[in-house]
Each structure stands twice: as C-alpha cells, then as structure tokens.
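Morning, everyone. Please pull up the structure on your screens, and I will walk you through it.

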Amino acid sequence: MREWFLNRPPRERMMLLVGAAAVGVILLYALLRPLHTQSEALRASVATKQRLLVNLQQLDPSGASAPVRNNQGQTLVVMIQNTAKEHGVDVTRSRPDGPDGVQITFGNAPFNTLMEWLVALEAQNGVAVESATFTGARQQGVVNGQIVLRR
C-alpha cells in the first residue's frame, strides 16, 4: 500500500492525504455527536430527578409519617384505581393481596408520574410500596411493571 502511495504523482498524493484527513474529521464528529447529545439528555434527567427529590423532601422533611386522609369508605382496590386515574397512571390490572394489600400491574407509565403518584398515595392515604418491579419500555422515561401496595 505504501509503495502504491509513493508511486502516485505528488499532486495526487496531496489530494489523497487531504481526503483522508477530511474523512477522519467527519468520522470523529459522527462518533462524538451522539455522545454529546446523550450527555445533554442525562443532564436534563438528573435535573428532573433532583427537582423530584426536593419536592419529596418538602412533603416530609422530618421523615415522620404523614396524616392519613379519610377514603370515604372506599376499598383499597377502588381507592388505588381512582388515585391512579387522577395522576394519569394506567393500571391495567389490580387484585387484592391479603386484607390490607393490593398487587397492581401497569404499562407505559412515565416514571416521574408514577413516583409522584406513589408519594401522594403514601402521604394522603397511608398506602406504602411493599415491593416493586420495573422494566423499561421502548420510550425513554417510561416503565412497565408490578407493585405491591400495603396499608
């Protein structure tokens, strides 16, 4: 390859070198641009999570348990369905899990919305998350999963 290059006329060698440099710069830009875009998205995500954390700390900075709201005689399953709808969380299935628990399944829920609902559920109704399983959806920031809630 080197012999072939050296056998080229000087003008052609210069054109080959300039072309190789241009291809190198284009490839470098094409490889670094997605990294920059991804880092910007991650920075925005961190900022959103930090705002959510501040909001959570404002709800209960002392760590003491919040007062429980009267549920007007609703069963736990009905109350969870109603509050999920109020917060825009699509519960696809719910079933009782013992006398004071409910297992719910949801799909394509924005993670931040889901967390806000769970915080409000505990703060306003005294319903806590016992266990949770999340899987990522195709869209960034959206999850599917199951949660066991207990009063």
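One term before we start: two strands count as paired if DSSP finds at least two bridges between them. Also keep in mind that this is a predicted model.

Now use that term. Strand 2, residues 101-110, and strand 4, residues 142-150, are joined by 8 bridges. The two strands run antiparallel. Let me give you two of the partners. G101 is bridged to R150 in strand 4. Q103 is bridged to V148, also in strand 4.

Next, the other side of strand 2. Strand 1 pairs with strand 2 over 5 bridges, again in the antiparallel sense. Here R95 has Q103 in strand 2 as its bridge partner. So what links strand 1 to strand 2? The two form a hairpin, with 4 residues between them. Look at G98 in that turn: its phi is positive, about 85°.

Step back to the whole sheet. It is open, it has 4 strands, and their order is 1-2-4-3. The pairing is antiparallel. Which strands sit at the edges? Strand 1 (91-96) and strand 3 (128-136), each of which pairs on one side only. Neighbouring strands are turned against each other by 15° on average, ignoring direction.

What lies across this sheet? Helix 4, residues 111-125, lies across strand 2, strand 3 and strand 4. Against strand 4, helix 4 runs at about 15°.

Now, is strand 2 mostly covered or mostly open? Mostly covered: 8 of its 10 residues are buried. N108 lies in this strand too. But N108 counts as exposed, because its relative accessibility is 56% and the cut-off for exposed is over 50%. N108 has another feature: a positive phi of about 50°, although it is not a glycine.

On to charges. How many salt bridges does the structure hold? The count is 5. Let's go back to R150, the partner of G101. The side chain of R150 meets that of D97 in a salt bridge, at 2.6 Å from N to O. R150 lies in strand 4 and D97 in the loop between strand 1 and strand 2, so this pair ties together parts that are 53 residues apart in sequence. R150 also forms a salt bridge with D100, at 3.2 Å from N to O. D100 is in the loop between strand 1 and strand 2 as well, 50 residues from R150.

How open are those two acids? D97 counts as partly exposed because its relative accessibility is 30%. D100 is also partly exposed, with 30%. And there is a network here: salt bridges link D97, D100, E130 and R150.

Another salt bridge joins the side chains of R8 and E12, at 3.5 Å from N to O. R8 is partly exposed at 25% relative accessibility. E12 is partly exposed too, at 32%.

Last stop, the surface. Which residues make the nonpolar patch? L28, L31, L32 and L35 do, and the patch is about 430 Å². Take L35, found in helix 2, residues 10-59. L35 counts as exposed because its relative accessibility is 57%.

To recap: an open sheet ordered 1-2-4-3, helix 4 lying across strand 2, strand 3 and strand 4, and a salt-bridge network that includes R150. Thanks, and over to you.

Note on methods
Residues are numbered from 1 along each chain as its sequence is written. This is a predicted model: local features need pLDDT of at least 70, side-chain atom pairs count only at pLDDT 80 or more; totals for chains, interfaces and linings use all residues. Side-chain values use heavy atoms; hydrogens and water are left out. Patches are made of residues with over 30% relative accessible area and no salt bridge: like charges are joined within 9 Å, nonpolar side chains (Val, Leu, Ile, Met, Phe, Trp, Tyr) within 5 Å. Accessible areas come from the Shrake-Rupley method with a 1.4 Å probe; for residues, only the protein chains shown count as cover. A salt bridge is a side-chain nitrogen of Lys or Arg within 4 Å of a carboxyl oxygen of Asp or Glu. Buried means under 20% relative accessible area, exposed over 50%, partly exposed in between (1.4 Å probe, protein chains only). Axes are lines fitted to C-alpha atoms, for helices over the stretch in contact, and angles run from 0 to 180 degrees between N-to-C directions. Contact means heavy atoms within 4.5 Å.
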